[in-house]
Amino acid sequence: MTMVVHPAPSAFDAGFKETIARLVDQTKALYLSDQIPWVIGYSGGKDSTAILQLVWYAMQELHAEGKANKPVHVISTDTLVENPIVAMWVERSLNQMRNAVQAQGLNIIPHRLTPAVNDRFWVNLIGRGYPAPRYKFRWCTDRLKISPSNNFIRNVVKQNGEAILVLGTRKAESAVRAATMESYENRADNTRSAVGLTVNKQLDRVWIYTPIADWSNDDVWQYLMQIKNPWGFRNQELLGMYQGATADGECPLVVDKSTPSCGDSRFGCYVCTMVGEDKSMAAMIQNDSEKEWMLPLLQLRNEIDVNDSNREAKVKKITRDKSNRDFRRMNGSLTVHINEHGADLVRGPYRQPFREHMLRKVLEAQKQVQAIGPEEVRHLELLSREDLEAIRTLWLEEKYEVEDSVPRIYEQVFGKPYEEQKRQAHSLLNAHVMDKLKAKCAQFNDPDGLLYEQLRTLLTIEERHSKLLRRAKLYTELNKSLETMAFNNIDEAREFALNRRLNENNIKLLLPHITEQEKQQLEWENQKLTESLSREHDNTRFLEHEQIQIEERSE
C-alpha cells in the first residue's frame with residue numbers, strides 16, 4: 001500500500017509576493033488606524049525576525065509617504081545566562097538595527113532589556129541560595145524573561161494609555177497554541193478583532209498583533225531566505241545557527257519561551273535545568289571545534305542539575321542536591337513532604353559551602369572562557385561587579401555570613417584585588433576570628449557547622465543592635481534565631497518535624513466533624529510518617545520520586 005504524504009498548507013498558496021504585499025498593507029493600515037505605539041518582541045529567532053522584517057518594510061513605505069509618525073519599539077530581553085552565541089548574535093543585530101534606523105530615518109527604537117540585579121540568575125542562586133529551577137519551583141522565567149519585557153510595556157502604556165504588542169506566535173507551533181490563539185480571537189471583549197488584534201490576558205490595555213499567525217515553519221524560512229533583511233543582517237547566517245544547534249544539523253533551535261522545541265532539543269539559557277540535557281549547546285560544540293570554549297558553561301549546568309534518564313544516577317544527583325541544601329526553608333521553618341514512598345523534610349536554600357563553591361565555579365568558568373574563547377568573548381562576564389556586590393550584600397546582611405567571602409574568592413580565582421567597595425573591618429566579626437570560632441565549634445561535635453552558624457548569627461544580631469539607640473527588637477530577633485537553629489543536625493530536625501506532623505494529624509483525627517475522606521487521608525499520612533520514622537525504612541525510593549520544591553516566603 002502506497003502512502004500519499006500531503007504537503008502542509010502554506011500561507012503563500014495565493015502567491016508569495018501577493019501575500020507579502022497584502023501583509024505589509026495590512027500592517028500599514030493598522031499602524032495608521034490610531035496613535036497607539038507599537039512594541040515588537042524580538043528574540044533573534046526566525047519568527048521574531050520575520051515579523052520585524054514585515055513591520056520594517058511597512059515603516060519604510062510609511063516613511064516615504066511621510067506617515068511614520070508614532071514609534072515602534074523593538075525589545076529584546078537578555079537573561080544574562082543566554083547561550084553566548086545567540087546573545088552575541090542578538091547584540092550585533094540590535095547594533096546593526098540602530099545604524100540602519102539612523103541611515104534610513106525610521107521611527108524604530110531598538111532596546112536591549114536585562115533583569116534587575118536582584119532578579120538575576122546567579123544573584124538568586126548564589127546570593128539567596130535558591131535551588132536550581134525545577135518543575136515545581138520555576139522561579140527563573142518570570143524574573144529573567146517576563147518581568148523585564150512586561151515592565152517596559154507597562155511603562156509604554158503608562159505614558160500613552162495603550163500599546164500594541166507585535167509577536168511572532170504561530171498556530172502551526174502546536175494544537176494547544178492554535179486553540180489558545182483562536183480562543184483569544186473569539187473573545188467577546190476583543191473589540192478590535194476586525195483589524196487583526198486580540199486582547200492580552202496578562203497586560204491591561206495591551207493589544208496583540210500576530211501577523212504570521214497562519215504561517216508554517218517552511219513559510220517562515222521561505223520568507224527569510226527570499227526577502228532581504230532590511231537592517232542589513234544576513235538571514236542565511238541565522239539559518240546556519242539553527243542548523244548548528246542540533247546533532248544532525250537539521251532541527252531548529254529555540255530562542256524564546258513561546259517557541260516549541262524540536263523533539264527534545266531546546267535553545268536558551270546555558271544553565272537551564274528544566275530539560276534533561278542542553279542538546280543545542282552540546283551540538284554546537286560537537287559540530288564546530290571552534291566553539292569548544294563554551295564547554296565550561298556546559299559544565300556549570302552539571303553542578304546544579306538533578307535530571308538524569310538513568311535511575312541510579314538521578315538518585316545520586318538528588319541526594320547530592322539535598323546535602324547541599326538547608327533542611328530549613330527560607331523563613332527558617334521545617335516543612336514535611338509526604339508521598340506514597342515516605343515522608344521527609346522539604347529542603348530549603350543552598351547552604352554557604354555550596355554557594356561559595358558555585359561562586360568559585362562561575363568565576364573559574366568566566367576566566368576559562370576569556371582565556372580560550374575568540375576575541376569577542378575576551379571580556380565576557382558571567383558575573384558583573386554589580387552582581388558580585390549584590391551577592392556580597394545578601395551574604396553579609398541576610399545570611400549573616402560576616403566572613404565576607406566574595407572578595408577572597410574573587411582574588412583567589414583571578415589573582416588580583418577585588419576593587420569594589422571597601423567595607424569597614426570589624427574587630428570581632430571577621431574571617432580570622434570566625435575561623436577560630438569554627439575550629440572551636442568543631443571540638444564540640446559540629447560536623448554540619450550548625451553550632452557555628454548559630455553562634456555567628458547571634459553575635460551578628462547583637463553587634464547590629466549595639467549601634468542603635470533603641471534595641472527593642474533585639475530579643476525578638478535573638479529568639480527567632482534560636483528557634484530556627486534549635487537542632488544539632490538534620491536527623492534531629494527531621495525526627496522532630498515528622499513527629500510534630502504525626503501529633504497534629506492525631507489531634508485532627510479526634511475532631512468531631514471530620515469527614516471520612518479526611519480521616520482516610522490523615523491515616524494514610526500517619527502510616528507514611530511512621531514508616532519514615534522507623535530506622536529500618538529505606539528512603540531511597542522516596543528520593544527517586546520526590547519532586548523537590550521550595551517556596552519563597554516573606555516571613
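This is a stop-by-stop tour of a predicted model, with something to select at each stop.

**The whole chain**

Start with everything shown as a cartoon. You should find 20 helices and eight strands. Of the 555 residues, 50% count as buried. If you look at contacts with a separation of 6 or more, 71% of them come from residues 24 or more positions apart. Switch on the surface and you have about 28,400 Å² exposed, with carbon and sulfur atoms supplying 49% of that area.

**The six-stranded sheet**

Now select the strands of the open sheet, which run in the order β3-β2-β1-β4-β6-β5 with mixed pairing. The edges are β3 (108–113) and β5 (197–199), each of them paired on one side only. Step across the sheet and neighbouring strands are turned by 30 degrees against each other on average, direction ignored.

Keep the sheet on screen and add helix α1, residues 16–32. This helix packs on the sheet and touches β1 (38–41), β2 (72–77), β5 and β6. Its direction makes about 165 degrees with that of β6. Next add helix α5, residues 140–160, which also packs on the sheet. Here the strands touched are β1, β2, β3, β4 and β6, and the helix direction makes about 160 degrees with that of β2.

**Zooming in on β6**

Select residues 206–209, which make up β6. On one flank, β4 (residues 163–166) runs parallel to β6, joined by four bridges. To see one partnership, pick Val-166 and look for Tyr-209 in β6. With β5, the pairing of β6 is antiparallel, over three bridges. Val-199 is the residue to click there, as it stands opposite Trp-207.

Follow the chain from β5 to β6 and you go round a hairpin with six residues between the strands. Pause at Arg-205 in the turn, where phi is positive at about 65 degrees.

Now turn on the side chains of β6. In a regular strand, side chains alternate between the two faces of the sheet. Are the residues of β6 buried or exposed? Val-206 and Ile-208 on one side are buried, and so are Trp-207 and Tyr-209 on the other, leaving both faces covered.

**A lysine under cover**

Jump to Lys-46, in helix α2 (residues 46–64). Buried means under 20% relative accessible area, so Lys-46, at 3%, counts as buried. What does Lys-46 touch, not counting residues up to four places away in sequence? Show Arg-170, Asn-217, Val-220, Trp-221, Leu-224, Leu-238 and Tyr-242 to see them.

**Helices α10 and α12**

Select residues 295–304 for α10 and 352–372 for α12. Their axes come within 9 Å and cross at roughly 170 degrees. Angles over 145 degrees count as roughly antiparallel, and α10 and α12 therefore fall into that class. On the α10 side, show Pro-296, Leu-297, Leu-300, Glu-303 and Ile-304. They meet a set in α12 that includes Phe-354, His-357, Met-358 and Lys-361. By class, the residues of this contact divide into nine nonpolar, two polar and two charged.

**Helices α13 and α14**

Move on to α13 (residues 385–398) and its partner α14, whose axes are 9 Å apart at an angle of about 140 degrees. The two are therefore oblique to each other. From α13, display Arg-385, Leu-388, Ile-391, Arg-392 and Trp-395; from α14, display Ser-405, Val-406, Pro-407 and Tyr-410. That contact has six nonpolar, one polar and two charged residues.

Stay on Val-406, in α14 (residues 405–414). Val-406 is buried, with a relative accessible area of 1%. Beyond its neighbours within four places in sequence, its contacts are Leu-359, Leu-388, Ile-391, Arg-392, Trp-395 and Tyr-418. Try a distance too: the C-alpha atoms of Val-406 and Arg-360 are 9.2 Å apart, though 46 residues separate them along the chain.

**Two loops to finish**

Most residues other than glycine have a negative phi. Asp-404 has a positive one, near 55 degrees, and lies in the loop between α13 and α14. Last stop: Asn-445, in the loop between α15 (431–442) and α16 (450–465). Phi of Asn-445 is likewise positive, near 55 degrees. Asn-445 counts as exposed, at 68% relative accessibility.

Notes
Residues numbered from 1 in each chain as written. Predicted model: local features only at pLDDT ≥ 70, side-chain atom pairs only at ≥ 80, totals over all residues. Heavy atoms only, no water. Buried < 20%, exposed > 50% of the residue type's maximum accessible area, 1.4 Å probe, protein only. Contact = heavy atoms within 4.5 Å. Areas by Shrake-Rupley, 256 points an atom, 1.4 Å probe, with all protein chains shown as cover. Axes fitted to C-alpha atoms, helices over the stretch in contact; angles between N-to-C directions. Parallel < 35°, antiparallel > 145°, perpendicular 65-115°, else oblique. Nonpolar A, V, L, I, M, F, W, Y, C, P; charged D, E, K, R; others polar. Pairing = 2+ DSSP bridges.
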